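Student: Could you take me through this structure slowly, and explain for each term what justifies using it?

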Amino acid sequence: MGNVPTTVKHCLSYEQLIEDYPWLRHWLQEEKNITGHEYPEFVKIVEVGPRDGLQNEKEIVPTGVKIQLIDMLSGTGLSVIEATSFVSSKWVPQMADHTDVLRGIQRAPHVRYPVLTPNLQGFQDAVAAGATEVAVFGSASETFSKKNINCSIDESMLRFEEVINTAKERQIPVRGYVSCALGCPHEGDIKPSTVAKVAKRLYEMGCYEISLADTIGVGTPGSMLKMLQGVKKEVPINALAVHCHDTYGQALPNILTALQMGVCVVDSAVAGLGGCPYAQGSSGNVSTEDVLYMLHGMGIETGVNLPKVIEAGYFICNALCRNTNSKVAQAKSRTL
Amino acid sequence: MAAVMRLVNRSTLSSVMGQHYAAFSSSAKLTAAGVNAGHTLPDKVKIVEVGPRDGLQNEKTIVPTEAKINLIDMLSESGLPVIEATSFVSPKWVPQMADQVEVMKGISRKPGVSYPVLTPNLKGFQAAVKAGAAEVAIFGAASELFSKKNINCSVDESLQRFDEVMKAAKEAGVPVRGYVSCVVGCPYEGKVAPEKVAHVAKRLYSMGCYEISLGDTIGVGTPGSITAMLEAVSKEVPVSALAVHCHDTYGQALANILVALQMGISVIDSSVAGLGGCPYAQGASGNVATEDVVYMLHGLGIQTGVDLSKLMDAGAFICRTLNRKTSSKVAQATCKL
């Protein structure tokens, strides 16, 4: 090393370099921050329109229409389409035809059709109807849990444990949801550590993926960042998904923040189906079309054909006699 | 560590040694952010409220002068630091702005708040100053076709026209803000090259504009294209002199604003209630709603000086006047029907 210039010797020790040239830290931090803005190369979209979307629509949609919607979505390249919910029809009349829907759809190869199963009964009905993947819904808020499914978080976890254990025996994968991850209509702010605790419980019980849901859409990139920082300490980032609602218009920047943190699974609903039961007249789910437009514009692959999703969106909106909530679909339909 | 490599290469090191340090740089896919990018967001953001001008200009219903004045006064009360009041353009082209002089003379100017007005040429500038304008704005385009179709001349010709305005403004001590439209896409030309945007922005800045607002006129931008554009422009104009003017036609505005903030931009244009549709996609939305921007910024802990509930009052007022629904999601969610 005798003939090597001083600068090289310094370069061999990063710490020495920063000590001798303190202004370098600024340059190198920029470099690190560039790296910090890595985005995933591929994002998996979980289409929740037929379930979460329709569940929150007032109009009861005929079974034939639901089946056609799912079949159209199956042809778009989406790899996961949440088909229906095996919840009591007393609570969710829209999903009363769950068995007929699951039996009626044409299952495309390489597409999965998870269904919601709030308890063991629902799980067994789902399997009898042909379900090959299920989902369970936990909450980060005690009050929301009690008001929504009539039990505490701990009690709901016991219920889900039954489902997950039975699913394991049948080799049926289970996806876990944590609702109110960024705020609760009853409790207000929710601590990231609470979300992390529930997510961890679901993950350790055996859920292969945990979808963190901003149920009332109050989150912003600030709260999304903090929540994900908390959760990723307990659950690996590649097992996390975000389920953002657009009630306050924040869904896309929240999704962007999640992508910057390494999340690569995003839930969305075609045409932004599903209002928000907690803010009457407001929007709920983020539109799949708008999410795709952003991801594709960033060079992120999804495998999904946007024009075909737009078509499926127009179909269901016609059937529901309502306008699409997707800005992309609105713009495309009216471009001069 | 590529930065280290660049530094070291500048000294006595040969290229062979330089290659050795390439191993330090990340091999992961880099798809965002230029030299000025960072996770550090600005502490404060200045909102430039364009509702009374850009917003109303694109609304079909002609708004009575009194209502415009009331809107501006309500916006002044909400804490907004800059409110674009009107446009000194010929009423033949923009009938909505025909009452420009009455509006300027009728508003109650709050101390500390600027009320810039658009001045497309020297005549407009002179009329604006006579009516009491203390700040003006000029509009260039990054697309030749858009420039020709919109103001009937090439980009270079428009910049020459603005030269006159700049000279007069300098003599009168009136600050000038420059706008560049079609910074990502043009309804006629399609994609717009970032270098072209940088060129126009640099021209306006060198001519003396204190700030350059980069407008995604048809709202086609995404965090990908916005980043590429800002990288190019920030090489020619200091980031502290840049603003973004995002349209929400494809729902991308807030995501685009977020990446702009991450790149050091701290001036955001927006329009109360998301006033102003998009003339190129009929029925589609245009400007991003100020309420939604403020909600996001406050959620990020960024100060704006704006009182969101007073802002929403102003939005509710103008929507009642126009007999239309707000385009702001925050306003929709907050209003319990």
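**Confidence, sheets and cavities**

Tutor: Over residues 1-38 of chain B the pLDDT, which is the predictor's confidence in each residue on a scale from 0 to 100, stays under 50, and for this stretch the model has 70 contacts beyond four places in sequence, a contact meaning heavy atoms within 4.5 Å. This is a predicted model, in which local features need pLDDT of at least 70 and side-chain atom pairs count only at pLDDT 80 or more, while totals for chains, interfaces and linings use all residues. Residues are numbered from 1 along each chain as its sequence is written, chains are lettered from A and ligands numbered from 1 in the order in which they are written, and side-chain values use heavy atoms, with hydrogens and water left out.

Student: What are the average pLDDT values of chain A and chain B?

Tutor: Chain A averages 89, with 87% of the residues at 70 or above, and chain B averages 88, with 86% of the residues scoring at least 70. In chain A, pLDDT stays under 50 over residues 1-12 and over residues 25-36. Where pLDDT is low, the predicted coordinates should not be read in detail.

Student: Why do strand 2 and strand 3 of chain A stand at the edges?

Tutor: The open sheet of chain A has nine strands in the order 2-1-9-8-7-6-5-4-3, with parallel pairing. Strand 2 (80-81) and strand 3 (84-85) of chain A each have a single partner strand, so one side of each is left without a neighbour in the sheet. Strands here are DSSP runs of E with at least two residues, helices are runs of H or I with at least four, and both are numbered from the N terminus.

Student: How do you know that strand 1 and strand 9 of chain A pair?

Tutor: Two strands pair if DSSP finds at least two bridges between them, and four bridges join strand 1 (residues 44-47) to strand 9 (residues 265-268) of chain A, so the pair meets the definition. One of the residues involved is Glu47(A), whose bridge partner in strand 9 is Ser268(A).

Student: Which strands of chain B are joined by six bridges?

Tutor: Strand 5 (residues 136-141) and strand 6 (residues 176-181) of chain B are joined by six bridges and run parallel, and Ala137(B) has Arg177(B) as its bridge partner in strand 6.

Student: What makes a space in the model a cavity?

Tutor: On a 1 Å grid over the protein atoms alone, a cavity is a set of points where a 1.4 Å probe fits but cannot get out, and its lining residues have an atom within 4 Å of a point. By this rule there are five cavities of 30 Å³ or more, and the largest has a volume of about 220 Å³, a volume being the space filled by probe spheres set on the points, which are joined across faces, edges and corners. Among the 19 residues that line the largest cavity, those closest to its centre are Asp246(A), Gly249(A), Lys327(A), Asp248(B) and Gly251(B).

Notes
1 Å grid on protein atoms, 1.4 Å probe; cavity = no way out; pocket = protein on both sides within 12 Å on 5 of 7 lines; lining within 4 Å.
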